Amino acid sequence: MRHVIAAVFVSLDGVMQAPGGPEEDPTGGFTHGGWTFHYWDEMMGQAMGGILTPPFDLLLGRKTYDIFAGHWPYMKDDPIAATFNAVTKYVATSSTAPLTWANSVALHNPAADVARLKQQDGPDLLLQGSSQLIQTLLAHGLIDRYNLLIFPLLLGKGKRLRS
């Protein structure tokens, strides 16, 4: 049996929107994209290493998948890239557009598909980012564990991690 583990970057006030870059997700007029940038240090690297060390498959929403697929396949000498490129990527999507990143599988009914995946043998499912998918899985009680990486800043508005 597999578990869903949500690894989420959040601000002190619970915002999880667009941690990686300014253009990542401006939905709702969000202008603080890339807010984690100044906090990446050796300690953060160790925390991420602990999350990314156990065997896992990735569980991603389509926006996060597109961001990752535009970056990780091209990072040839990066150990995280090697891991991400090798694992199976399960992608919640309503699109029929092909998933071009190696080992990617579309999930068109995320709640039912993730519930089915959890019943199968295999590595845990690591949910990264994916604010819309996380809300669906929360609503269906499908997340087994959270790895919250809480950053010491207040953003005020933006998409939040909720139950």
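**Exercise 1. Locate isoleucine 143 in this predicted model, decide whether isoleucine 143 is buried or exposed, and list its contacts beyond the sequence neighbours.**

Solution. Isoleucine 143 sits in the loop between α5 and β6, in a model that is predicted. Its relative accessibility is 13%, and since the limit for a buried residue is under 20%, isoleucine 143 counts as buried. Once the neighbours within four places in sequence are set aside, the residues in contact with isoleucine 143 are Val4, Ala6, Leu127, Ile134, Leu137 and Leu138. As a separate distance, the C-alpha atoms of isoleucine 143 and glycine 50 are 19 Å apart, with the two positions 93 residues apart along the chain.

**Exercise 2. Which residues of helix α2 are buried, and why can they be placed on the same side of α2?**

Solution. Helix α2 runs over residues 62-69, and Arg62, Thr64, Tyr65, Phe68 and Ala69 are buried in it. These residues share one side of α2 because the arc they cover around the axis is only 160°. The general background is that an α-helix has 3.6 residues a turn, so residues three or four places apart point the same way. The cover over the buried residues of α2 includes β2 (56-61), α3 (79-86), β3 (89-92), β4 (104-107) and β5 (124-128).

**Exercise 3. How many aromatic pairs are there, and what is the geometry of the pair formed by tyrosine 65 and tryptophan 101?**

Solution. With ring centres required to lie within 6.5 Å, the count is eight aromatic pairs. For tyrosine 65 and tryptophan 101, the ring centres are 5.9 Å apart and the planes stand at 45°, so this pair is classed as tilted. The pair joins distant parts of the chain, for tyrosine 65 belongs to helix α2 and tryptophan 101 to the loop between β3 and β4, 36 residues apart. Both tyrosine 65 and tryptophan 101 are buried.

Another pair to work through consists of phenylalanine 68 and phenylalanine 84, which are stacked, with 5.6 Å from centre to centre and 15° between the planes. Here too distant parts of the chain are linked, with phenylalanine 68 in helix α2 and phenylalanine 84 in helix α3, 16 residues apart. Phenylalanine 68 and phenylalanine 84 are both buried. Ring pairs also link Phe9, Trp35, Tyr39, Trp40 and Phe151 into a cluster.

**Exercise 4. Where do alanine 18 and serine 130 lie, and what are their phi values?**

Solution. The background to this step is that most residues other than glycine have a negative phi. Alanine 18, although not a glycine, has a positive phi of about 50°; alanine 18 lies in the loop between β1 (4-11) and α1 (42-52) and, at 4% relative accessibility, counts as buried. Serine 130, again not a glycine, has a positive phi of about 60°, lies in the loop between β5 and α5, and counts as buried at 6% relative accessibility.

Serine 131 is placed in helix α5 (residues 131-139) and is buried as well, with a relative accessibility of 18%. Apart from neighbours within four places in sequence, serine 131 is in contact with Met16, Asp25 and Lys159.

**Exercise 5. Which residues make the nonpolar surface patch of about 520 Å², and is leucine 154 buried or exposed?**

Solution. Leu12, Tyr146, Leu148, Ile150 and Leu154 make this patch. Leucine 154 is found in the segment after β6 (145-151), and its relative accessible area of 64% can be set against the limit of over 50% for exposed residues, so leucine 154 is exposed.

Terms used
Residues are numbered from 1 along each chain as its sequence is written. This is a predicted model: local features need pLDDT of at least 70, side-chain atom pairs count only at pLDDT 80 or more; totals for chains, interfaces and linings use all residues. Side-chain values use heavy atoms; hydrogens and water are left out. Helices (H or I, at least four residues) and strands (E, at least two) are DSSP runs, numbered from the N terminus. Buried means under 20% relative accessible area, exposed over 50%, partly exposed in between (1.4 Å probe, protein chains only). Contact means heavy atoms within 4.5 Å. The arc is that of the directions from the helix axis to the C-beta atoms. Patches are made of residues with over 30% relative accessible area and no salt bridge: like charges are joined within 9 Å, nonpolar side chains (Val, Leu, Ile, Met, Phe, Trp, Tyr) within 5 Å. Accessible areas come from the Shrake-Rupley method with a 1.4 Å probe; for residues, only the protein chains shown count as cover. A salt bridge is a side-chain nitrogen of Lys or Arg within 4 Å of a carboxyl oxygen of Asp or Glu. Rings of Phe, Tyr and Trp (its six-membered ring) pair if their centres lie within 6.5 Å; planes under 30 degrees apart count as stacked, over 60 as edge-to-face and the rest as tilted.
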